[in-house]
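Here are some exercises to work through with the model open beside you. Try each one yourself before reading the solution.

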Amino acid sequence: MSPGRVTDAALPDLDDKPRVVEEMFDRIAPRYDTLNRVLTFRMDVAWRRTASKMLGLRPDSRVLDLACGTGDLCRTLTAAGHAPVGLDFSAGMLRAAHTDAPLVRADAMQLPFAAATFDALTCGFALRNFAALAPVLAECSRVLRPGGRIALLDVAEPESPLVRSVHGAWFRHVVPFVGGLISDRAAYRYLPASTAYLPPLPELLALVGDAGIVDVSRRTLGFGAAQLITGTRV
Ligand SMILES: C[S@@+](CC[C@H](N)C(=O)[O-])C[C@H]1O[C@@H](n2cnc3c(N)ncnc32)[C@H](O)[C@@H]1O
């Protein structure tokens, strides 16, 4: 765990994590979008657009939006002229979804699609919620066609010490407070704390490479508060 990371004793054990995460997202689904907009000053909308653009796809590409939640990335992909399919294991998030894309309830660890089904795959703010990254990334690679593109968007820790301290205070105090007012305080303590599940950057990029993704690149967004990892399936 890197210095300055938000930690929280409330993080579940790995064995319990899928159940705890699924129940939590079921619970917070109705207010999830509102809080995203408020807590990121709507920057999350621009981050999803950047993720879609960085895929560099032809129109009508088939894109799997993994852990689609309420379907924000699906909507962004549809608006960009693509044909997304959303997948999530939280029935509550899927019920609250506002997208015309087909939605599938399933676990990211075992995708119900044949090999090479998709031209691209996106995953927004979910990496740290999976119980293990390697099996999920292997599944992502399996369902992508050779040459298919991947865009993984998640939170990050700003590099600048000044921005990092403001960001840390925001995560530790403002997110749980506002989350508690509008939704569920425990969940909005978990969400920032769960960044501790993300491996250090070199390890994260190595995991992506080990899954058969090449030309991996990473850029930060929102003054370093978010990161976008892109690559191409061999
Ligand atoms: C922070 S939300 C992100 C939702 C959406 N991608 C977005 O950009 O707003 C994380 C999502 O990951 C989903 N999730 C977590 N673990 C999962 C798994 N193993 N399989 C499928 N979905 C999962 C949760 O249900 C939740 O909807």
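Helices (H or I, at least four residues) and strands (E, at least two) are DSSP runs, numbered from the N terminus. This is a predicted model: local features need pLDDT of at least 70, side-chain atom pairs count only at pLDDT 80 or more, and totals for chains, interfaces and linings use all residues. Residues are numbered from 1 along each chain as its sequence is written.

**Exercise 1.** Describe the overall build of the chain.

Solution. Start by counting elements: you should get eight helices and seven strands. Next comes the radius of gyration, taken over C-alpha atoms and set against the globule rule, 2.2 Å times the number of residues to the power 0.38. The chain comes out at 17 Å, close to the 17 Å from the rule for 234 residues, so it is as compact as a globular protein of that length. Along the principal axes, the C-alpha atoms fill a box of roughly 45 × 35 × 35 Å. Now for burial: a residue is buried if 20 or more other C-beta atoms lie within 10 Å of its own, exposed if 12 or fewer, and partly exposed in between, with C-beta atoms placed from the backbone. By that count, 43% of the 234 residues are buried.

**Exercise 2.** Work out the strand order of the sheet and find its edge strands.

Solution. Two strands pair if DSSP finds at least two bridges between them. Following the pairs gives an open sheet of seven strands, ordered β3-β2-β1-β4-β5-β7-β6, with mixed pairing. At the edges sit β3 (103–105) and β6 (213–221), each of which pairs on one side only. Then zoom in on β4 (residues 118–124) and β5 (residues 144–155): they run parallel and are joined by six bridges. Here alanine 120 stands opposite arginine 149 in β5.

**Exercise 3.** Say which residues surround the ligand and what kinds they are.

Solution. A residue is near a molecule if its C-beta atom, placed from the backbone, lies within 6 Å of it. There are 21 residues around the ligand, and Ala67, Gly69, Ser90, Ala108 and Gly124 come nearest. The elements giving two or more residues to this shell are α1 (17–39) and α3 (72–79). Of the elements, α1 gives the most, with four residues. To sort by type, count Ala, Val, Leu, Ile, Met, Phe, Trp, Tyr, Cys and Pro as nonpolar, Asp, Glu, Lys and Arg as charged, and the others, Gly among them, as polar. The shell then splits into 13 nonpolar, four polar and four charged residues.

**Exercise 4.** Explain why helix α7 is largely enclosed, and find what its buried residues pack against.

Solution. Helix α7 (residues 185–193) has seven of its nine residues buried, so the rest of the structure largely encloses it. Those buried residues are Ala187, Tyr188, Arg189, Tyr190, Leu191, Pro192 and Ala193. They pack against α1 and α6 (161–182), where a contact means C-beta atoms, placed from the backbone, within 7 Å.

**Exercise 5.** Phenylalanine 125 and phenylalanine 223 have positive phi values; find where each sits and how buried it is.

Solution. Most residues other than glycine have a negative phi. Phenylalanine 125 has phi near 55 degrees and belongs to the loop between β4 and α5 (133–143). It is buried, with 21 other C-beta atoms within 10 Å. For phenylalanine 223, phi is near 60 degrees, and its loop runs between β6 and β7. Phenylalanine 223 is partly exposed, with 15 other C-beta atoms within 10 Å.

Notes:
Two residues are in contact if their C-beta atoms, placed from the backbone, lie within 7 Å.
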